Amino acid sequence: QQPAPTPPQVSIKASQTATLGELVMQRQNMTCTWSSVVDGFAATNQAYISADGKVRVDSTASRDGMSATGHAIYLPTASDTWTGTTYGWTDIFSNNVGFKGTFTLKSSEEKFDFSCASWKVDQSKFAIPTDRTFKST
């Protein structure tokens, strides 16, 4: 089996309006930040994206003096999410949906104003925390 062709390298736009899925499909090593509002909570978000389809998103949301953090790691075959609790959730993607299937989540369809920069991939960003118990959903 031959390896997949490498997409041509293009410069990363420092500022772009896109979906998270569209950023991932650029197949670039980049980190991006953006703001969003979810259920009345104002959130600041940072994504770490690798050219091979791995994504980590760290978010902090606040409202009425309360704040919460959330984290997610999306791999081509599964996703893991967790908050400040001692447990997290794992989703295994069926039918080998692979790279594109990683971003079928509703939030990936929303367009945001991203601020992005190139990033030297740090594989530790994609390591699942060992201090939590992950439950399959």
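Buried here means under 20% relative accessible area, so F126, at 6% relative accessibility, counts as buried. Keep that cut-off in mind as you move through this predicted model.

**Stop one: the aromatic rings.** A search of the whole structure finds six aromatic pairs. Start by selecting Y48 and W119, which form a tilted pair, 5.3 Å centre to centre with 50° between the planes. Y48 belongs to strand β3 (residues 41-49), while W119 sits in the loop between β8 (112-118) and β9 (133-136), so the pair ties together parts that are 71 residues apart in sequence. Both Y48 and W119 are buried, W119 with a relative accessible area of 15%.

Now add F126 to your selection. W119 and F126 make an edge-to-face pair, with 6.0 Å between centres and 75° between the planes. Then show W34, F112 and F114, which ring pairs link into a cluster.

**Stop two: the β5–β6 hairpin.** Next, select residues 66-74, strand β5, along with β6: the two run antiparallel and are joined by four bridges. Follow the chain from β5 to β6 and you pass through a hairpin connection of three residues. To find the register, look for I73, which stands opposite D80 in β6. Strand β6 (residues 78-82) has four of its five residues buried, so it is largely enclosed by the rest of the structure.

**Stop three: G84.** Move on to the loop between β6 and β7 (87-92), where you will find G84. Is G84 buried or exposed? At 64% relative accessibility, G84 counts as exposed. Leaving aside residues up to four places away in sequence, G84 touches T69 and R132. Finally, pick H71: its C-alpha is 9.0 Å from that of G84, with the two positions 13 residues apart in sequence numbering.

Conventions
Residues numbered from 1 in each chain as written. Predicted model: local features only at pLDDT ≥ 70, side-chain atom pairs only at ≥ 80, totals over all residues. Heavy atoms only, no water. Buried < 20%, exposed > 50% of the residue type's maximum accessible area, 1.4 Å probe, protein only. Pairing = 2+ DSSP bridges. Contact = heavy atoms within 4.5 Å. Phe/Tyr/Trp six-rings, centres within 6.5 Å; stacked < 30°, edge-to-face > 60°.
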